[in-house]
Amino acid sequence: MSDLDQLTQSLARNLKRWRSERGFTLDALAARAGVSRGMIIQIEQARTNPSVGITVKLADALGVSITTLLDYEQGSHVRLVPPEQAVRMWSTEAGSSTTLLVGAEARGPFELWAWKLMPGEGSDSDAHPPGTIELLHVTAGELTLLVDGVEHLVAAGSSATFEANVPHGYHNKGAEPVELTMSVSVPPAHASSY
């Protein structure tokens with residue numbers, strides 16, 4: 001079985017599990033995530049490999065981390081993730097990428113990310129659920145952080161935090177690669193809160 005097949009099977013199994021645990025019908029999850037009912041059925045039947053954007057929307061709607069949706073083999077209270085098991089979410093030919101380093105469920109999903117943005121590249125995100133907090137630390141280059149239409153320059157060695165319930169983005173408008181570490185905390189979702 002290929003890595004992609006394993007990922008598709010794991011996502012199918014975990015989406016069904018978390019939808020059931022949260023008490024969401026297909027229609028309720030579709031409405032909450034802004035993803036079609038048909039797409040959710042295809043994912044749960046392991047007939048499709050959804051985009052990163054759809055996976056993020058489903059994780060946000062369920063109140064779990066992407067890590068939890070992709071793999072729920074968590075036994076011990078200590079979880080070590082070697083570099084080769086980190087999840088590469090996207091990359092470009094120029095060399096930009098994001099990698100989910102580790103995630104946890106503690107009063108909602110809590111994730112740690114490593115980002116690399118090549119000059120002229122960036123990534124934008126829709127608003128996350130209210131109460132979502134992002135913290136980041138730039139280790140190389142200068143990040144242009146866009147939060148609700150306002151640009152903030154974050155130089156190497158600097159950190160930032162913001163409520164991510166508004167559209168936001170990460171861009172490299174400089175001449176050198178930008179590297180940063182980011183943590184995301186999302187509040188838990190419950191069927192009764194919708």
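A residue is called buried when its relative accessible area is under 20%. Tyr-170 has a relative accessibility of 2% and therefore counts as buried. The model is predicted, and this briefing treats the surroundings of Tyr-170 in strand 9 and the buried side of helix 3.

**Tyr-170 and its contacts**

- Tyr-170 lies in strand 9, which spans residues 168–171.
- Beyond its neighbours within four places in sequence, Tyr-170 is in contact with a set of residues that includes Trp-115, Leu-117, Leu-136, Leu-143, Leu-145, Phe-162 and Met-182.
- Glu-121, Glu-134, Ser-123 and Thr-144 are also among the contacts of Tyr-170.
- Leu-117 is 53 residues from Tyr-170 in sequence, yet their C-alpha atoms are 8.4 Å apart in space.

**Strand 9 and its partners**

- In a regular strand, side chains alternate between the two faces of the sheet.
- Strand 9 is covered on both faces, with His-168 and Tyr-170 buried on one side and Gly-169 and His-171 buried on the other.
- Strand 4 (residues 122–125) pairs with strand 9 in the antiparallel sense over four bridges, and Ser-123 has Tyr-170 as its bridge partner.
- Strand 6 (residues 142–147) likewise pairs antiparallel with strand 9 over four bridges, and Thr-144 stands opposite His-171.

**Helix 3**

- Ile-40, Ile-43 and Glu-44 are buried in helix 3 (residues 37–44).
- These residues lie on the same side of helix 3 because they cover an arc of only 95° around the axis.
- The cover over the buried residues of helix 3 includes helix 1 (3–22), helix 2 (26–33) and helix 4 (52–62).
- Ala-46, which follows helix 3, has a positive phi near 55°.

Terms used: Residues numbered from 1 in each chain as written. Predicted model: local features only at pLDDT ≥ 70, side-chain atom pairs only at ≥ 80, totals over all residues. Heavy atoms only, no water. Helix = DSSP H or I, 4+ residues; strand = E, 2+ residues; numbered from the N terminus. Buried < 20%, exposed > 50% of the residue type's maximum accessible area, 1.4 Å probe, protein only. Contact = heavy atoms within 4.5 Å. Arc of directions from axis to C-beta. Pairing = 2+ DSSP bridges.
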